[in-house]
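These are my notebook entries on one protein chain. I record below what I looked up, entry by entry.

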Amino acid sequence: MSNFVWCHGPGCHKSHTQDRIRGVKGSKVLRTKKVQQTTYNSGQHLSMYSYFCSQGCYNDFANKYVREVIAIAPRTEALETPIEVTKVQDTYWNNETYMRTEIKTVDNNGG
Ligand SMILES: [Zn+2]
């Protein structure tokens, strides 16, 4: 049994590729692609590749429905991650030294 979902890209069926062509001469169509559900894109590996045949179709969907997508988890204020910034001396491949900035995340929640 084939386990798949149709690609959710709003324009998937408009891309001019041979693998989308269906039908017989005189009544051919471009059809939305199937997205096979495998161990790599389903179950615990659920991702955008479970519902979209390509990054392009995902982008088309995200751009078309951006308002609805943002409404799921709107950001009304900036988030902040506590950090510690230190200057650390490091060495290039040729033994020349230089100073680099090291940023470490600080765990303020009992860590
Ligand atoms: Zn697609």
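**Entry 1: a strand and a surface patch**

In which strand does V85 lie? I found V85 in strand β5, which covers residues 83-91. I note at the outset that the model is predicted.

I then looked at the surface around this residue. V85 joins I83 and I103 in making a nonpolar surface patch of about 290 Å².

**Entry 2: the chain as a whole**

I next listed the secondary structure. The protein chain has two helices and six strands. Their order along the sequence is β-β-β-β-α-α-β-β.

I turned to the overall dimensions. Along its principal axes, the C-alpha trace spans about 70 × 45 × 30 Å. The radius of gyration is 24 Å, whereas a compact globule of 111 residues would have one near 13 Å.

How much of the chain is buried? I noted that buried residues make up 10% of the 111 residues. The exposed area of the chain is about 9400 Å², and carbon and sulfur atoms supply 52% of it.

I also looked up the contacts between residues at least 6 apart in sequence. Of these, 37% join residues at least 24 apart.

**Entry 3: R20**

I located R20 in the loop between β1 (4-6) and β2 (21-22). Is R20 buried or exposed? R20 counts as buried, because its relative accessible area is 6% and the cut-off for buried is under 20%.

I then listed its contacts, leaving out residues up to four places away in sequence. R20 touches C12, S15, V29, L30, R31, K33, C53 and C57. With C12 I found a polar pairing: a polar atom of the R20 side chain lies 2.6 Å from the backbone oxygen of C12.

For a distance along the chain, I compared R20 with Q37. The two are 17 residues apart in sequence, and their C-alpha atoms are 18 Å apart in space.

**Entry 4: S50**

S50 is in the loop between β4 (34-36) and α1 (55-64). I read its relative accessible area as 0%, so S50 is buried.

Which residues are in contact with S50, apart from neighbours within four places in sequence? I recorded V5, V35, Q37, N41, S42 and H45. One of these residues, N41, has its backbone oxygen 2.2 Å from a polar atom of the S50 side chain.

**Entry 5: P82**

I found P82 in the loop between α2 (66-72) and β5. P82 is classed as partly exposed because its relative accessible area is 36%, which falls between the limits of 20% and 50%.

Beyond residues up to four places away in sequence, P82 touches K104, T105, V106 and N108. I also compared P82 with N3, which is 79 residues away along the chain. Their C-alpha atoms are separated by 45 Å.

**Entry 6: salt bridges**

How many salt bridges does a search of the whole structure find? I counted four.

One of the pairs is K33 with D19, whose closest N and O atoms are 2.8 Å apart. This pair links distant parts of the chain, with K33 in the loop between β3 (29-30) and β4 and D19 in the loop between β1 and β2, 14 residues apart. I looked up the exposure of both partners. K33 is partly exposed at 23% relative accessibility, and D19 is partly exposed at 40%. K33 is also among the residues that R20 touches.

I then followed E102. Its side chain meets that of R100 in a salt bridge, at 3.2 Å from N to O. E102 also forms a salt bridge with K104, where the closest N and O atoms are 3.6 Å apart. Which residues are linked in a network of salt bridges? I recorded D90, R100, E102 and K104.

Two members of this network were checked for exposure. R100 is partly exposed, with a relative accessible area of 29%. K104 is partly exposed as well, with a relative accessible area of 47%. K104 also appears among the contacts of P82.

Key
Residues numbered from 1 in each chain as written. Predicted model: local features only at pLDDT ≥ 70, side-chain atom pairs only at ≥ 80, totals over all residues. Heavy atoms only, no water. Patch = residues over 30% accessible without salt bridge, like charges linked within 9 Å, V, L, I, M, F, W, Y side chains within 5 Å. Areas by Shrake-Rupley, 256 points an atom, 1.4 Å probe, with all protein chains shown as cover. Helix = DSSP H or I, 4+ residues; strand = E, 2+ residues; numbered from the N terminus. Rg over C-alpha atoms; globule rule 2.2 N^0.38 Å. Buried < 20%, exposed > 50% of the residue type's maximum accessible area, 1.4 Å probe, protein only. Contact = heavy atoms within 4.5 Å. Polar contact = N/O pair within 3.5 Å; in protein donor to acceptor, adjacent residues only side chain to side chain.
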